[in-house]
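Visitor: Please choose one part of this model and take me through it closely. I would like to know how it is built and what lies around it.

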Amino acid sequence: MIQVIGVTKAFAGKKLFEDVNTMFPPGRRYGLTGPNGAGKSTFMKILSGDLEPDSGTVSKPKRLSVLKQEQFAFEEMRVLDVVLMGNKALWAAMQEKEVLLAKSELSDDDGARLGELEGVVAEEDGYSAESEAATLLQGLGIPEAEQSRLMREITGGDKVRVLLAQALFGKPTALLLDEPTNSLDLDSIHWLEEFLLAYEGTLVVVSHDRHFLNEICTHIADIDYETIITYVGNYDDMVRAKSQVRSRIESENQDRTKRREQLQDFIARFSAGTRASQVQSRVKQLEKLSLADVKKSNIARPFIKFEQKRPSGKQTLTIENITKSFDGNKPLFKNFSALITRGEKVAIVGKNGVGKTTMLRTLIGELTPDAGKVVWGHEAQIGYLPQDAKPVIPKTTTCFDYLHDIDATAGNEQLRGLLGRMLFRGDEGMKPTKALSGGEAVRLLFCKLMLEQPNILVLDEPNNHLDLEAISSLSEGLKEYPGTVLMVAHDRDLIASTATRIFAFHDGGLEDFAGDYDQFLSRHGGFIQAR
């Protein structure tokens, strides 16, 4: 069990949460939710012991496992060994055992110690450890051929998967996972869900994947009103229940504010009169009310509405027998043809590394196909959001000036309105672009797309770095958009709610499926294994 008693934490004068008292017992799976900046990662660091609270205490079990974020901390280690390190007792015993066995001669004490270490290895299931670690890696998309390589030899996305396998290894009694689905494809996310549903310890997970939270969570711990409120059920259950809690809290806040105003008015009117005793009584009441400041919700939802200046032609995009490979390797896609018409919303799905981003970049002309051709139709105007938003934004300007440089004819009020809709309110609109977080960079590029009003949106993982409120707004914006969409995403709710057509990489090659995502899954009996 993890127990939190009286925990308070603030950063730069902003109070994230105050006097939090809660517990996370075994057998329950908690989703830790709240918008970006609410303090989710901070709270997870406090639970893990990596960060001290301003006040309060946290008690936790010894076998606590945490998803590490240091992708480059194990560069000279074998992938399989990094996973084995997840069981600290086993790894320490194995390392000490190797040192002793490397000696040319063993003393009696060494022999006794070897016997003790063998006992630890046996107790920790050390003789089947490599097999279990390999199974974890395989489930997360790291094939056997990669498992004996050094960490520096694998991709950044695969490093994240290895660290996730490390956190899951060793049968921890409590598990803290901050954004575990980052860098995972749909098949790997599905595998992780199955693993966590069978996990019997305490789980606390931060995720911006609504479908993932709905699948695995038995409870939601939501950071809001400077505290943590726990709800029974999954994310959708919490959303329904939270509206009632919000109404109650905001009603109490209104009553408290109204009462303070009445007391202040009475004190101002009669402080110089004959009702001194009554005034003093009101002053004491006011002081008590002042001790409990009115707490406001930290929920802030952007408003995303994509429009087009003018529609494209009916035949928006013609793809004729395109093939693309790199360095003479097996083609990522071969002789692929499709006709995309105005208003279609195409989701490109498949395992990491199969060629989804390459497909997008080939369609927009950033890459040249080895064979075949791509023909955009009449009046086609493309708005592109790359997978990594920050590098495409100049670092020597501000958010406001960046948009002004894109469209010098746009008025100041229009630009401020766009920025405000994407939560750059007030002075935030003049924030230097070099200081933008990942989520802020994505939201600024959404401002750009809403300003340019293209009739085609090409989006490569647009939900990256967005919180659940922003992803929900993005989903609504794409559903209402009258233009054409081509999108790579690993968020199943986003795909299911917006896509009208699926391009799927899998063992049969690249399939063009004319239907929505639910119909696609139904046809394939659920998840398909990408090649």
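Guide: A term is needed at the start: a helix here is a DSSP run of type H or I with at least four residues, and helices are numbered from the N terminus. The model is a predicted one. The part to look at is helix α1, which spans residues 40–48, together with what comes after it and what touches it.

Directly after α1 comes G49, and its phi is positive, near 95 degrees. The chain then goes through a loop that leads from α1 to strand β4, residues 55–59.

Is α1 itself mostly covered or mostly open? It is mostly covered, with seven of its nine residues buried. Those buried residues are K40, T42, F43, M44, I46, L47 and S48. The list therefore holds residues of each class: F43 and M44 are among the nonpolar ones, T42 and S48 are polar, and K40 is charged. K45 also belongs to the stretch 40–48, but K45 is not in the buried set.

Now move on to L51, which sits in the loop between α1 and β4. Its relative accessibility is 22%. Buried means under 20% and exposed means over 50%, so L51, at 22%, counts as partly exposed.

Which residues does L51 touch, apart from neighbours within four places in sequence? They are K9, F11, T42, K45 and I46. Three of these, T42, K45 and I46, fall within α1, residues 40–48. The other two, K9 and F11, fall within strand β1, residues 2–11. L51 thus has contacts with residues of the helix before it and with residues of β1. K9 is 42 residues away from L51 along the chain, yet the C-alpha atoms of the two are separated by 10.0 Å.

Strand β1 has a partner of its own. It pairs with β2, residues 14–24, in the antiparallel sense, over seven bridges. One example of a matched pair is V7, whose bridge partner in β2 is V20. The two strands form a hairpin with two residues between them. A12, in the turn of that hairpin, has a positive phi of about 50 degrees. G49, after α1, has a positive phi as well.

The last matter is the open space beside α1. The second largest pocket holds about 600 Å³ of space. It is lined by 26 residues, and the closest to its centre are L64, S65, V66, K68 and K88. Elements that give two or more residues to this lining are α1, β5 (64–66), α3 (88–101), α6 (156–168) and β6 (174–178). Of the residues closest to the centre, L64, S65 and V66 lie in β5, while K88 lies in α3. Which element gives the most to the lining? α1 does, with four residues. By class, the lining divides into 10 nonpolar, eight polar and eight charged residues.

To put the part together: α1 is mostly covered, is followed by G49 with its positive phi, has residues in contact with L51, and gives four residues to the lining of the second largest pocket.

Definitions and conventions
Residues numbered from 1 in each chain as written. Predicted model: local features only at pLDDT ≥ 70, side-chain atom pairs only at ≥ 80, totals over all residues. Heavy atoms only, no water. Pairing = 2+ DSSP bridges. Buried < 20%, exposed > 50% of the residue type's maximum accessible area, 1.4 Å probe, protein only. Contact = heavy atoms within 4.5 Å. 1 Å grid on protein atoms, 1.4 Å probe; cavity = no way out; pocket = protein on both sides within 12 Å on 5 of 7 lines; lining within 4 Å. Points joined across faces, edges and corners; volume = space filled by probe spheres on them.
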